[in-house]
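Colleague: I am new to this model and would like a close look at one part of it, namely its charged side chains and the helices that carry them. Please take me through it slowly.

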Amino acid sequence: MKPSIIILLISLCYASCTGVYAAPGLDALTITTGENGEQSYTLTIQVLALMTVLTLLPSMVLMMTSFTRVAIVLAILRQASGLAQSPSSQVLVGLAIFLTFFIMAPVFDRMYTEAVAPYLDEKIALLPAIKKGSKPLHEFMIAQTREKELMMFAGIAGYDSFNEPKDVPFSVLIPAFVTSELKTAFQIGFILFIPFLIIDLVVASVLMSMGMMMLSPLIVSLPFKLMLFVLADGWTLVLGTLAKSYYV
């Protein structure tokens, strides 16, 4: 199934979750009454396709939005702070999901306004709606993709060059976008690691100079790392920087 069709279904799900529209959805079941009074039931192809594509929704959220970068940075932050179980993985994933919706809200709003709403009002057909709905997401992804990764996957796919960014197909853009997001997430994680690493080195040096070899430096450095993170208002800085990094 083409990624552009999946994109339209993302916007449909987003609009239904936020309650943007109250128009009736696709008929799930068609009831036909025969001449002899018997009734036959038919499941519409649109609903069947929708139910099939919904199974791909988690992968789409992971690979075509800001979720990858946010989730990796939060996981690296937890490891750098020395806390193995706090915040829990469920909390970090939930925070990553809602921060992703916050970052992607302008994109989803454009997809709904330009494609979903006209299609539900029967002003445009399905194919034009898919084309218009994929444009905002394509622009978001291409803006976050490095040229090096894009050219690498384009060369593997057999494309020499593209005249304009909009000419890049999703088959090339998606892997290039994910690779760029992974690289950016690790760069941010490296920067976050530095102050915590300095604290560990200082505490380890002090303990060694005092001859306290048997005392783990991690136990002593953990309160200092937590104090530094709280005094620096770390959560606001990290989450705010992650959100701003997509719109700078």
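What is the relative accessible area of E164?

Modeller: E164 has a relative accessible area of 38% and is partly exposed, where buried means under 20%, exposed means over 50% and partly exposed lies in between, for a 1.4 Å probe and protein chains only. Before going further, please keep in mind that this is a predicted model, in which local features need pLDDT of at least 70 and side-chain atom pairs count only at pLDDT 80 or more, while totals for chains, interfaces and linings use all residues. Residues are numbered from 1 along each chain as its sequence is written, and side-chain values use heavy atoms, leaving out hydrogens and water.

The partner of E164 is K166, and their side chains meet in a salt bridge at 3.5 Å from N to O; the term stands for a side-chain nitrogen of Lys or Arg within 4 Å of a carboxyl oxygen of Asp or Glu. K166 is exposed, with a relative accessible area of 62%. By this rule the chain has a count of five salt bridges.

To place the others, it helps to know that the chain has ten helices and two strands, taken as DSSP runs numbered from the N terminus (H or I with at least four residues for helices, E with at least two for strands). Along the sequence the pattern reads α-β-β-α-α-α-α-α-α-α-α-α, and 35% of the 248 residues count as buried.

Another salt bridge joins E181 and R69, whose closest N and O atoms are 2.6 Å apart. This pair links distant parts of the chain, since E181 sits in helix α8 and R69 in helix α4, 112 residues apart. E181 is buried at a relative accessible area of 0%, and R69 is buried as well, at 4%.

A further pair is D200 with K225, where the side chains meet at 3.3 Å, N to O. D200 belongs to helix α8 and K225 to helix α9, so this salt bridge ties together parts that are 25 residues apart in sequence. D200 counts as buried at 19% relative accessibility, and K225 counts as buried at 2%. Elsewhere, R110, E114 and E139 are linked in a network of salt bridges.

R78, in helix α4 (residues 67-81), presents another case: this residue is buried yet has no salt bridge, and the nearest side chain of opposite charge, that of D200, is 15 Å away. Here Lys and Arg count as positive and Asp and Glu as negative, with His and the chain ends not counted. Leaving aside residues up to four places away in sequence, R78 touches several residues, among them L83, P87 and L92, a contact being heavy atoms within 4.5 Å.

Helix α8, which carries both E181 and D200, deserves its own description. It runs over residues 170-209, and its 40 residues should span 58 Å at 1.5 Å a residue, which agrees with the 58 Å between its end C-alpha atoms; the expected span is 1.5 Å times one less than the number of residues. Even so, α8 bends by about 30° at I194, with the proline P195 following within four residues, the bend being the angle between axes fitted to the seven residues ending at a position and the seven starting there. Just after α8, G211 takes a positive phi of about 80°.

Helix α5 makes a useful comparison. Its 32 residues leave the end C-alpha atoms only 38 Å apart, short of the 46 Å that a straight helix would reach, and a kink of about 55° lies at M104, shortly before the proline P106. Just after α5, E122 takes a positive phi of about 60°. Within α5 (residues 89-120) is T100, which counts as buried at 4% relative accessibility and whose side chain reaches the backbone oxygen of A96 at 2.6 Å.

Note on methods:
A polar contact is a pair of N or O atoms within 3.5 Å; within protein, one must be able to donate a hydrogen and the other to accept it, and residues adjacent in sequence count only if both atoms are side-chain atoms.
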